[in-house]
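The following exercises concern the model shown below. Each task is followed by a solution that proceeds step by step.

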Amino acid sequence: MKVLVTGGAGFIGSHLMRCLVENGHEAVAVDDLSCGQRENLLPDMDLIEENILSDKFAGIVASGGYDSIVHLAAQTMVSTSMDDPLLDARQNILGTISVLEAARRAGVGRVIFASTAASYGDVPEKDLPVKESHKQAPMSFYGLSKTTVEHYLDVYHQAFGIDYVVLRFANVYGERQGNGGEGGVISIFCNAIANGKDITIFGDGEQTRDFVYAGDIARGILAALKAPKKAANVAYNLSTQTETSLRELVSVLCNVSGRKIIPKYGPERAGDIYKSMLSNGRARRGLGWAPVTSLEQGLKATYEYFKSQK
């Protein structure tokens, strides 16, 4: 299988590129390196440096003979989306339309789209873990742009026959993560702790997230690529189905790092949801996928990575 990975030199993309190659597939990353880095990829991995909104992108897809596209390139910061909704829409909505148009004209069989838990908004605690059938009610423009794209995928499938799989990621973390995105709190904390700096929790610390390791996410994307047609054209949560509060997260980081950590507290941020946990039953049944990395295992790998970057 030959796969084009947009945003392939980014955080999740770099994990996916390794997963694809290790499983015998041909993988090509396309990335403008505005967020990703060439160093995130192994030296022998293929990288095309280009923006998905450029005039050259359609030609890249047309000439590549790709079986599938995994679309990871995106604006992933809730705060950025609230400060600049136009930027968020340009990158996330128009960027995806560019990918879909290129896929349609090149005859690409399947597009895997990285969506988000933020599409559900602030779900009442009684409705946790959130199932894919739950109403999508995003509280941020980031969540809204991802939700909007899900509708585009469905119409492209109905109109042009392009298969898709929507993967709604929980809070992804791991090596090579920047300080943004859904799981960015872990990279921020690990980087600060590795450098002997203080950490700040925005809010009361009781807000929860469903933290899922990037290596498990890469395996989930591979499962979506290989899934039979009957399992396509639907959305799946990729999650641990486990709630972890930020206070609990700090406690595990204390164990992993061997350091005493006393966080500071700041005001909660606009657009942030309070409680989050996603059901992963549909992915277990439909994709044959389940997370295998414990929070302590994943945090240890992440912390050791940031420690090595000092």
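A residue is called buried under 20% relative accessible area, exposed over 50%, and partly exposed in between, with a 1.4 Å probe and protein chains only. The model is predicted: local features need pLDDT of at least 70, side-chain atom pairs count only at pLDDT 80 or more, and totals for chains, interfaces and linings use all residues. Residues are numbered from 1 along each chain as its sequence is written, and side-chain values use heavy atoms, with hydrogens and water left out.

**Exercise 1. Backbone exceptions in loops**

Locate asparagine 233 and classify its accessibility and the sign of its phi.

Solution. Helices (H or I, at least four residues) and strands (E, at least two) are DSSP runs, numbered from the N terminus. On this numbering, asparagine 233 sits in the loop between helix H7 (214–226) and strand S11 (234–238). Its relative accessibility is 21%, so asparagine 233 counts as partly exposed. Its phi is positive, about 60°, although asparagine 233 is not a glycine.

Carry out the analysis for leucine 33.

Solution. The loop between strand S2 (26–30) and strand S3 (46–48) holds leucine 33. Phi of leucine 33 is near 65°, again a positive value in a residue other than glycine. With a relative accessible area of 26%, leucine 33 is partly exposed.

Is the peptide bond from leucine 128 to proline 129 cis or trans?

Solution. Omega is near -5°, and the bond is cis. Proline 129 belongs to the loop between strand S5 (110–116) and helix H5 (141–160).

**Exercise 2. Length and burial of two helices**

Check the span of helix H1 (residues 11–22) against its residue count, and determine how many of its residues are buried.

Solution. The expected span of a helix is 1.5 Å times one less than its number of residues. For the 12 residues of H1 this gives 16 Å, and the end C-alpha atoms are 17 Å apart, which agrees. Of the 12 residues, 10 are buried, so H1 is largely enclosed by the rest of the structure. Among them are Phe11, His15, Met17 and Arg18. Just after H1, glycine 24 takes a positive phi of about 85°.

Repeat the check for H7.

Solution. The 13 residues of H7 should span 18 Å, and the end C-alpha atoms lie 19 Å apart, which agrees. In H7, 10 of the 13 residues are buried, so this helix too is largely enclosed by the rest of the structure. The buried residues include Asp216, Gly220 and Leu225.

**Exercise 3. Contacts of a strand residue**

Which residues does serine 68 contact, leaving aside its neighbours within four places in sequence?

Solution. Contact means heavy atoms within 4.5 Å. Serine 68 lies in strand S4 (residues 68–71) and is buried, with a relative accessible area of 4%. Its partners are Met1, Lys2, Val3, Leu4, Val108, Arg110 and Leu225. Leu225 is also one of the buried residues of H7.

**Exercise 4. Helix packing**

Describe how H4 and H5 pack.

Solution. Axes are lines fitted to C-alpha atoms, for helices over the stretch in contact, and angles run from 0 to 180 degrees between N-to-C directions. The angle between H4 and H5 is about 20°, with the axes 10 Å apart. Angles under 35 degrees count as roughly parallel, over 145 as roughly antiparallel, 65 to 115 as roughly perpendicular and the rest as oblique. H4 and H5 are therefore roughly parallel to each other. The residues that meet include Ile93, Ile97 and Arg104 in H4, and Val149, Tyr152 and Phe160 in H5. Phenylalanine 160, found in helix H5, is partly exposed at 43% relative accessible area. Its C-alpha atom is separated by 7.1 Å from that of arginine 104, 56 residues apart along the chain.

Classify the orientation of helix H8 (residues 246–257) and helix H10 (residues 295–308).

Solution. These helices pack at an angle of about 60°, with their axes 10 Å apart. H8 and H10 are therefore oblique to each other. In the contact, Leu249, Val252, Leu253, Val256 and Ser257 of H8 meet Leu295, Glu296, Leu299, Lys300 and Tyr303 of H10.
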